[in-house]
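User: I am learning how the words in a structure description are justified, and I would like to go through some of them slowly. Please set each value against its definition before you conclude.

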Amino acid sequence: MEQILAFCRPGFEAEAGQELVDSAMSAGLYGYFQPERDRGLVRFYLTGPEQAEALLDRVGIETLVFVRDWLIVLDTPELPPEDRVGAVIEALKTHRSAMPRCDRVEVRLLENNTDRDLGNFARKWVAPLSRGLRGAGLMDEPDSGASARLEIILPDFTQAIIGFSFAENRARYAGGIVRLRLPASAPSRSALKLEEAWKVFLPPERELDYIGGGKTAADLGAAPGGWTWQLVRQGMSVYAVDNGPMNADLMASGQVEHVRADGYSWRPHRGIDWMVCDIVDQPRKTAHLVVDWIGSGLCRYTVFNLKLPMKKRYEEWLICRDILVQGLKAAGIGYRLQARHLYHDREEITCFIERTG
């Protein structure tokens, strides 16, 4: 059976698997999933020839929430210590007819890998592996215009998962993981979530159109100011809405007005560019809040978190998605909605909405 390997946050394999089942069904395809629990991997099996490629043709990675990235699996060979490169080459030779043209190879580890020796090996292995693959005629020269990339996952030193991904339908960052460094001046680690959201949801060639140029913003539930700090870094003027104290250095910027109010009830006097919200509360309450802001024209863009319950996380997201979709439809506006379980998220997912009309 054809197989897709999907990547997700460890512990969310069931949610990612159910999302794949539903997405495939909506595309007229059928399959079942096998979670590799607490490893951040889901194996999704499809019946019939060329079904895996058909799924990637019909479902875009940007439409998925719990699935961060994916690839089509070719083989899972053992890796003998004396010739790991040769084992990969021999495995790929048996699948030559099923392989698209590839011009580079990506070697990845599991997200929760703790073996530093394996990490060092993976980095050093790329060069000899690439030479061997090109020498065997299994990979094109770099930047040759190939449509795909070879993907090799190393769970440990003894085995590999070999597959390929297509440039037009894979995560912008390998494994869907955006690794960021927290500056010492950031008031809280939550600042990384907003930065990651921008990198995932905004077109890179148009990033300045969205967050540059001295825009206005509101941060609901702002204290101590992690997301406000990111907005200020982009030159925005910010309403920081929270009854709690804000970071003193951030307030000294002159770009922040601290509004001591409840983030769910406060509204600006006129429309602004951005509303961001990282309030830990009932996710459906937050979804209704966002519909009010976007639907009534109080903001053009919003990034917000939905804190999902431990049980029925996927089901709760579907309910919140319906609240957003039906509410914005009733408002009669155009919009673009994306959601993703980001690398810097935990039990929450992060959503982005752009009002388009």
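Analyst: Let us start with Gly221, which has a relative accessibility of 23% and therefore counts as partly exposed. The structure is a predicted model, in which local features need pLDDT of at least 70 and side-chain atom pairs count only at pLDDT 80 or more, while totals for chains, interfaces and linings use all residues. Residues are numbered from 1 along each chain as its sequence is written, and side-chain values use heavy atoms, with hydrogens and water left out.

User: What makes 23% "partly exposed" for Gly221?

Analyst: Buried means under 20% relative accessible area and exposed means over 50%, with partly exposed in between, using a 1.4 Å probe and protein chains only. The 23% of Gly221 falls in the middle class, so partly exposed is the right label.

User: Where is Gly221 found, and which residues does Gly221 touch?

Analyst: Gly221 is found in the loop between β8 and α7, where helices (H or I, at least four residues) and strands (E, at least two) are DSSP runs, numbered from the N terminus. Not counting residues up to four places away in sequence, Gly221 touches Val241, Asp242 and Ile279, and a touch here is a contact, meaning heavy atoms within 4.5 Å. Gly221 and Asp278 are 57 residues apart in sequence, yet their C-alpha atoms are 6.3 Å apart in space.

User: Which residues does the "binding site" annotation cover?

Analyst: The UniProt annotation, from an unreviewed entry, covers Ser190, Ala223, Pro224, Gly225, Gly226, Asp242, Asp262 and Asp278. UniProt positions are given in the numbering used here, feature names are shortened, and annotations may be inferred rather than shown by experiment.

User: Why is Ala223 called partly exposed, and what does Ala223 touch?

Analyst: Ala223 has a relative accessible area of 26%, so it belongs to the class between buried and exposed. Ala223 sits in the loop between β8 (216-220) and α7 (226-233), and beyond four places in sequence its contacts are Asp242, Gly244, Pro245 and Met246. The peptide bond from Ala223 to Pro224 is cis, with omega near 5 degrees, and Pro224 is placed in the loop between β8 and α7.

User: How do you know that Asp262 is partly exposed?

Analyst: Its relative accessibility is 40%, so Asp262 also takes the label partly exposed. Asp262 lies in the loop between β10 (256-259) and β11 (272-277) and touches Val241 and Asn243, leaving aside residues up to four places away in sequence.

User: What does UniProt list as "active site", and why is Lys307 called partly exposed?

Analyst: The unreviewed entry lists Lys307, which is found in strand β12 (residues 299-307). With a relative accessible area of 34%, Lys307 is partly exposed, and its contacts, not counting residues up to four places away in sequence, are Val280, Asp281, Pro283, Glu347 and Glu348.

User: Why is Glu50 called exposed?

Analyst: At 61% relative accessibility, Glu50 passes the cut-off for exposed, so that label applies. Glu50 lies in the loop between β3 and α2, and its phi is near 60 degrees, a positive value in a residue other than glycine. In helix α2 (residues 51-58), by contrast, Gln51, Ala52, Ala54, Leu55 and Leu56 are buried, and what covers them includes β1 (2-7), α1 (13-26), β3 (41-46), β4 (69-75) and β7 (161-166).

User: How do you know that the chain is as compact as a globular protein of its length?

Analyst: The chain comes to 10 helices and 14 strands. Its radius of gyration is 22 Å, close to the 21 Å that the globule rule gives for 357 residues, so the chain is as compact as a globular protein of that length. The radius is taken over C-alpha atoms, and the rule is 2.2 Å times the number of residues to the power 0.38. Of the 357 residues, 54% count as buried. Among contacts with a separation of 6 or more, residues 24 or more positions apart account for 66%.
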